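Student: Got a minute to go through this model with me? I'd like to start with the basics.

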Amino acid sequence: MGFLDFFKRKQNLKRENRTEMLPIDGSFFNSLANRYITESRAMNIPAVSSSVNLISEAVAQIPVKIYKFEETEKGKITREVFNDDRADLLNDETGDTLDGVQFKRAMVRDYLIHGNAYAFINKNGGKIKSINYVSCKNISVISNTNPIFKDFNIMKFQ
């Protein structure tokens with residue numbers, strides 16, 4: 001065995017350890033193209049899940065405040081309205097099974113994933129009793145075909 005045989009042996013070892021690129025069959029991409037992504041599939045992707053959770057947690061912690069616009073001699077001014085039932089419903093107790101933070105978290109999550117978020121305002125006369133979260137899975141929007149006089153019906157599934 002000569003001096004050059006030593007280098008030849010190292011080259012053979014490098015070739016054995018190298019992984020070869022195999023061509024990917026087009027059927028793999030075709031199977032992905034025919035699938036629709038659902039909420040559960042999207043939330044199984046770590047980047048999507050962590051992003052949605054980060055944004056919804058941040059927004060859910062922001063308190064909702066109500067302001068009143070007034071016109072005075074100096075111009076338009078805004079004043080915060082304290083002890084308002086609407087702010088209490090959105091921040092503390094919604095009157096539903098969710099508290100204010102959970103309600104906002106669910107609304108933001110639906111908005112980010114589905115593009116819409118729904119809530120039902122339960123009124124008794126002119127007074128708001130509760131604000132109830134409605135999942136996007138239970139809503140279907142049906143629109144007419146008239147481009148000028150648009151009409152929408154919102155159907156709730158049970």
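Tutor: Sure, one term to begin: helices (H or I, at least four residues) and strands (E, at least two) are DSSP runs, numbered from the N terminus. The model is predicted, so local features need pLDDT of at least 70, side-chain atom pairs count only at pLDDT 80 or more, and totals for chains, interfaces and linings use all residues. Residues are numbered from 1 along each chain as its sequence is written, and side-chain values use heavy atoms, with hydrogens and water left out.

Student: OK, which helix is I55 in?

Tutor: I55 sits in helix α4.

Student: And why does I55 count as partly exposed?

Tutor: Because its relative accessible area is 39%. Buried means under 20%, exposed over 50%, and partly exposed in between (1.4 Å probe, protein chains only).

Student: Which residues make up the nonpolar patch on the surface?

Tutor: L54, I55, V59, I62, Y111 and L112, with about 570 Å² of accessible area together. Areas come from the Shrake-Rupley method with a 1.4 Å probe, and for residues only the protein chains shown count as cover. Patch residues have over 30% relative accessible area and no salt bridge (side-chain nitrogen of Lys or Arg within 4 Å of a carboxyl oxygen of Asp or Glu); nonpolar side chains (Val, Leu, Ile, Met, Phe, Trp, Tyr) are joined within 5 Å, like charges within 9 Å.

Student: Which element gives the largest share of that patch?

Tutor: α4, with three residues. Both α4 (46-60) and α6 (100-114) supply at least two each.

Student: Switching to the whole chain, how many helices and strands are there?

Tutor: Six helices and six strands. Of the 158 residues, 17% count as buried.
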